[in-house]
Structures are given as structure tokens and as C-alpha cells.
Amino acid sequence: ANVRGTSCTLHAIEISGNSAGSGYLRVMDSTSVVPGTTVPKLVIYCKTNTDFTLHIPDGLSFSSGISYTYGDAGGVSSASYSHDGAQNVSIIFLTT
């Protein structure tokens with residue numbers, strides 16, 4: 001899913017409601033994602049039924065934009081990710 005289509009800085013990510021099982025949030029410096037090909041800039045493991053916020057005090061720069069996937073397969077190049085909402089998870093990105 002595309003979050004932002006231009007260059008930006010990521011300051012925080014809030015993840016909640018993951019009742020369907022643990023999974024991996026992959027955040028890419030891209031405006032589109034090709035599973036198994038687009039390399040993530042950030043990978044976050046999310047435990048079942050655990051809400052949390054990741055703060056990035058100095059920010060993380062993205063030159064192209066921000067896209068993400070969420071799925072149960074680990075690793076940075078997995079072709080088996082599912083997309084937004086597939087596992088009952090809510091993800092909020094704070095950018096400038």
C-alpha cells in the first residue's frame with residue numbers, strides 16, 4: 001500500500017489490533033511494491049495482540065515515498081506478504 005507518494009521523513013509508526021497472528025511490517029522507500037523484489041528500508045516484527053508505537057526521534061528519510069506490506073513471512077525479500085488490512089491490523093504513519 002502506498003502511504004506517501006513523495007519524499008518525506010518518517011517520525012513514528014503506530015501498530016494496533018493484530019488479533020489474527022504475529023507478522024512483519026515492511027516499510028519501503030518506494031511508491032509501489034513488488035513482493036519479493038522491493039527491498040524494505042525497515043522491517044518490524046509485530047506480536048499477536050500487541051499495540052505499540054515506534055518513535056524515530058531524528059526521523060528516517062525516504063527519497064521516493066513510503067509504501068508498506070504486512071504479512072506473516074519473515075525476511076526482507078519474502079514474496080509471500082499480504083497487503084494492508086489482510087490481518088486485522090491498523091497502521092498509522094507520522095510523516096513530514
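**Exercise 1.** Determine which residue stands opposite Ile13, and place the pair within the strand pairings of strand 2.

*Solution.* Step 1: Ile13 stands opposite Leu54 in strand 5. Strands here are DSSP runs of E of at least two residues, numbered from the N terminus, and two strands pair if DSSP finds at least two bridges between them. Residues are numbered from 1 along each chain as its sequence is written. The model is predicted, so local features need pLDDT of at least 70, side-chain atom pairs count only at pLDDT 80 or more, and totals for chains, interfaces and linings use all residues, while side-chain values use heavy atoms, with hydrogens and water left out.

Step 2: Strand 2 (residues 8–16) runs antiparallel to strand 5, with seven bridges joining them.

Step 3: Strand 2 is also joined to strand 7 (residues 90–95) by six bridges, again antiparallel. Glu14 has Ile92 as its bridge partner in strand 7.

**Exercise 2.** Establish the strand order of the open four-stranded sheet.

*Solution.* Step 1: The order is 1-6-3-4, with antiparallel pairing. Strand 1 (2–4) and strand 4 (42–46) are the edge strands, each pairing on one side only.

Step 2: Within this sheet, strand 3 (residues 23–28) and strand 6 (residues 66–71) pair over five bridges. Arg26 stands opposite Thr69 in strand 6.

**Exercise 3.** Locate Asn49 and describe its backbone and exposure.

*Solution.* Step 1: Asn49 lies in the loop between strand 4 and strand 5 (52–62).

Step 2: Its phi is near 50°, a positive value in a residue other than glycine. Most residues other than glycine have a negative phi.

Step 3: Asn49 is exposed, with a relative accessible area of 56%; exposed means over 50% (1.4 Å probe, protein chains only).

How values were computed
Buried means under 20% relative accessible area, exposed over 50%, partly exposed in between (1.4 Å probe, protein chains only).
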